[in-house]
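Dear colleague,

Please find below the structure that I am handing over to you. My notes on what was found in it follow directly after it.

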Amino acid sequence: SQRTIPHGLGAVPELMIFKSVSSSSDWVAYHKDMGTTGGNPKVMHLNFNYEAADQNSLASTTFVTDPTDSVFTVGTHDNINKNNDEYVGYMWASKDGFSSVGSYTGNGGSKTIDMGFSSGASFFVTKRVDAGGNWLHVNSLRTIVAGNDEVKYLNLSGFAAGTGNDWVDPANSGIIVNEVGSDSMNTNNGTYIYWAMA
């Protein structure tokens, strides 16, 4: 049944990801900038490349309201609240100079996302939400360079990698995203959510 659960983040979660560890189910993702449908927060799945609208029917049974700085409220869907299942949950909030959770609109070229960092992003995940697209991840241990980068597709089996494109470039304030084709981080007028760490 619907219930409210306390958390210890110490801030309002801007990104939440949950998964049942008791049974086979989808990864459920909440992001503060995806908006609502029917008064309920929109839902995405980390293991699919759907657009946010494809998941609208799940909103009323997944997250009932936006989280607060002390609790989050889940509905009755098995992906988030199956009777007797155990779940793991991860939560993030923006912290000046350390982490950033936000969104941007693509411009079809190169775009600097200012996250308020001083030495650039070392971890970056983005997902287009107004159309289908993969969950795309880059980090500084692999490549965030001024040149071709390796991107990981978080929703694909084995976290398949994409190479041979200049996906991103470093920027002291955050990161620069580039338009590289059909599965881009910066398609013109595309709406993207992201989370990043310095």
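The side chain of serine 20 reaches the backbone nitrogen of serine 22 at 3.1 Å. A polar atom of the same side chain also lies 3.2 Å from the backbone nitrogen of serine 23. Both are polar contacts, that is, pairs of N or O atoms within 3.5 Å, where within protein one atom must be able to donate a hydrogen and the other to accept it, and where residues adjacent in sequence count only if both atoms are side-chain atoms.

Please note that this is a predicted model, in which local features need pLDDT of at least 70 and side-chain atom pairs count only at pLDDT 80 or more, while totals for chains, interfaces and linings use all residues. Residues are numbered from 1 along each chain as its sequence is written, and side-chain values use heavy atoms, with hydrogens and water left out.

Serine 20 belongs to strand β2, which covers residues 15-20. Helices (H or I, at least four residues) and strands (E, at least two) are DSSP runs, numbered from the N terminus. Is serine 20 buried or exposed? With a relative accessible area of 3%, serine 20 is buried; the term buried stands for under 20% relative accessible area, exposed for over 50%, and partly exposed for what lies in between, with a 1.4 Å probe and protein chains only. If neighbours within four places in sequence are left aside, serine 20 is in contact with Ser25, Asp85, Glu86 and Tyr87, where contact means heavy atoms within 4.5 Å.

Threonine 68 may be read alongside it. This residue sits in the loop between α1 (59-62) and β7 (71-74), and at 33% relative accessibility it counts as partly exposed. Threonine 68 touches His7, Ala11, Val12 and Pro13, not counting residues up to four places away in sequence. With valine 12, the separation is 56 residues in sequence and 5.0 Å in space, C-alpha to C-alpha.

I turn now to the protein as a whole. It has 2 helices and 17 strands, and 47% of its 198 residues count as buried. The C-alpha trace spans about 50 × 30 × 30 Å along its principal axes. For 198 residues, a compact globule would have a radius of gyration near 16 Å, and the 17 Å of the protein agrees with this. This radius is taken over C-alpha atoms, and the globule rule is 2.2 Å times the number of residues to the power 0.38. Among the contacts with a separation of 6 or more, 56% come from residues 24 or more positions apart.

Two of the sheets deserve your attention. Strands of a sheet pair through backbone hydrogen bonds, either parallel or antiparallel. Here, two strands are said to pair if DSSP finds at least two bridges between them.

One open sheet has 3 strands in the order β10-β16-β15, with antiparallel pairing. Why is one side of β10 and of β15 left without a neighbour in the sheet? β10 (110-114) and β15 (168-171) stand at the edges and each has a single partner strand, so one side of each has no neighbour there. Neighbouring strands of this sheet are turned by 25 degrees against each other on average, direction ignored; the axes are lines fitted to C-alpha atoms, for helices over the stretch in contact, and angles run from 0 to 180 degrees between N-to-C directions.

β16 is joined to β10 by 5 bridges and to β15 by 4 bridges. Glycine 174 in β16 is the bridge partner of aspartate 114 and also of alanine 171, while isoleucine 175 in β16 stands opposite proline 170. β15 and β16 form a hairpin with 2 residues between them. Because 5 of the 5 residues of β16 are buried, this strand is largely enclosed by the rest of the structure.

Another open sheet has 6 strands in the order β9-β17-β11-β12-β13-β14, again with antiparallel pairing. Its edge strands, β9 (99-105) and β14 (161-165), each pair on one side only. Within this sheet, β11 (residues 123-128) and β17 (residues 191-197) pair over 6 bridges, and valine 125 stands opposite tryptophan 195 in β17.

Tryptophan 195 also appears among the aromatic residues: ring pairs link Tyr90, Trp92, Phe123, Trp135 and Trp195 into a cluster.

With kind regards

Terms used
Phe/Tyr/Trp six-rings, centres within 6.5 Å; stacked < 30°, edge-to-face > 60°.
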